[in-house]
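Biologist: I am new to this structure and would like a close look at a single part, with enough of the surroundings to place it. Please start from one side chain and work outwards.

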Amino acid sequence: MKLVWLAAHRSRAAFTAGAGIAYEPFIREELGEETVEGFHAVLRERGLDPDDYFLIPVHPWQWWNKLSVTFAAEVARGHLVWLGEGDDEYLAQQSIRTFFNASHPEKHYVKTALSVLNMGFMRGLSAAYMEATPAINDWLARLIDGDPVLRATGLSIIRERAAVGYRHLEYERATDRYSPYRKMLAALWRESPVPSLKDGESLATMASLVHVDHEGSPSRPR
């Protein structure tokens, strides 16, 4: 599937990233120059300045069933602008809202807000939490790299390198911080493990390592 992209006005949106990452080169590397310029052209055609907006990836179901309705006033005001689909194709992972880039496996995973009830809670993403996520991941990576015991095991983490979130100010005034209305529009980019694979190595999720099929045989990583 392909992700939908929105332009979010910077007065209500925030982009944060890990050390050494800046918004403009990052988003151009993820989307490609042609796609970014195409999205910017959509904004200019409406008389809007691309420098006033951040680009946010959105699950298509979230856009058509939630945001286009619940955030309709934000769209009408120009705080949110629908840009269209990106070029890359993605595969949903087990968490259903995290996507692997099938077109370019070396690019980041994309995790999106998805307002569906799954395993007992709403699969939204808090814009407030997203602001601190890259810095926390950088701190954890330094902690692991600096620990001789952990380093000796070969352990490493897949960092969440950048995040973007949109704040609906009216909903924030009307709800508490746990409200799902505050978790409807945010996304983050997580490192892909593909570039770090060595010869003979393959990827497997933790769940697959403990799974057995109907005949009692364990799953085999692909």
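Why does Glu37 count as partly exposed?

Modeller: This is a predicted model, and the values below are computed from it. Glu37 has a relative accessibility of 35%. Buried means under 20% and exposed means over 50%, with partly exposed in between, so Glu37 counts as partly exposed.

Glu37 also has a charged partner. Its salt bridge is with Arg28, and the closest N and O atoms of the two are 2.8 Å apart. Arg28 falls on the other side of the lower cut-off: its relative accessibility is 17%, and because buried means under 20%, Arg28 counts as buried. The pair therefore joins a buried residue, Arg28, to a partly exposed one, Glu37. As a general point, side chains of opposite charge can pair when their charged atoms come close.

The salt bridge of Arg28 and Glu37 has company, since the whole structure holds 14 salt bridges. Another of them is between Arg12 and Glu74, with 2.7 Å between the closest N and O atoms. Arg12 sits in the loop between β1 (4–9) and β2, while Glu74 belongs to helix α4 (residues 72–77), so this contact ties together parts that are 62 residues apart in sequence. Both Arg12 and Glu74 are buried.

Arg161 and Asp138 form a further salt bridge, at 2.9 Å from N to O. It links distant parts of the chain, as Arg161 is in strand β10 (residues 160–166) and Asp138 is in helix α5, 23 residues apart. Arg161 and Asp138 are both buried. Some salt bridges share partners: Arg12, Glu74, Arg77, Glu170 and Arg173 are joined in this way into one network.

Helix α5 covers residues 127–145 and also contains Trp139. Trp139 has 49% relative accessibility; since exposed means over 50%, Trp139 counts as partly exposed. Together with Leu140 and Leu143, Trp139 makes up a nonpolar surface patch of about 300 Å² accessible area.

The strands named so far belong to sheets. β2 and β10 are part of an open sheet of 6 strands, ordered β2-β10-β11-β7-β6-β5 and paired antiparallel. Its edges are β2 (13–17) and β5 (90–92), each pairing on one side only. From one strand to the next, the twist averages 20°. Within this sheet, strand β7 (residues 109–112) and strand β11 (residues 186–190) run antiparallel and are joined by 4 bridges. Thr112 has Ala187 in β11 as its bridge partner.

β1 is part of another open sheet, made of 3 strands in the order β3-β1-β4 with antiparallel pairing. Here the edge strands are β3 (53–58) and β4 (80–85), each with pairing on one side only. Neighbouring strands of this sheet are turned by 25° against each other on average, with direction ignored. The antiparallel pairing of β1 with β4 runs over 5 bridges, and Val4 stands opposite Glu85 in β4.

For the wider frame, an unreviewed UniProt entry lists residues 2–211 as "domain: Aerobactin siderophore biosynthesis IucA/IucC N-terminal". Over residues 2–211 the chain is 35% helix and 26% strand, with 29 Å between the end C-alpha atoms.

Methods. Residues are numbered from 1 along each chain as its sequence is written. This is a predicted model: local features need pLDDT of at least 70, side-chain atom pairs count only at pLDDT 80 or more; totals for chains, interfaces and linings use all residues. Side-chain values use heavy atoms; hydrogens and water are left out. Patches are made of residues with over 30% relative accessible area and no salt bridge: like charges are joined within 9 Å, nonpolar side chains (Val, Leu, Ile, Met, Phe, Trp, Tyr) within 5 Å. Accessible areas come from the Shrake-Rupley method with a 1.4 Å probe; for residues, only the protein chains shown count as cover. A salt bridge is a side-chain nitrogen of Lys or Arg within 4 Å of a carboxyl oxygen of Asp or Glu. Helices (H or I, at least four residues) and strands (E, at least two) are DSSP runs, numbered from the N terminus. Buried means under 20% relative accessible area, exposed over 50%, partly exposed in between (1.4 Å probe, protein chains only). UniProt positions are given in the numbering used here, feature names are shortened, and annotations may be inferred rather than shown by experiment. Two strands pair if DSSP finds at least two bridges between them. Axes are lines fitted to C-alpha atoms, for helices over the stretch in contact, and angles run from 0 to 180 degrees between N-to-C directions.
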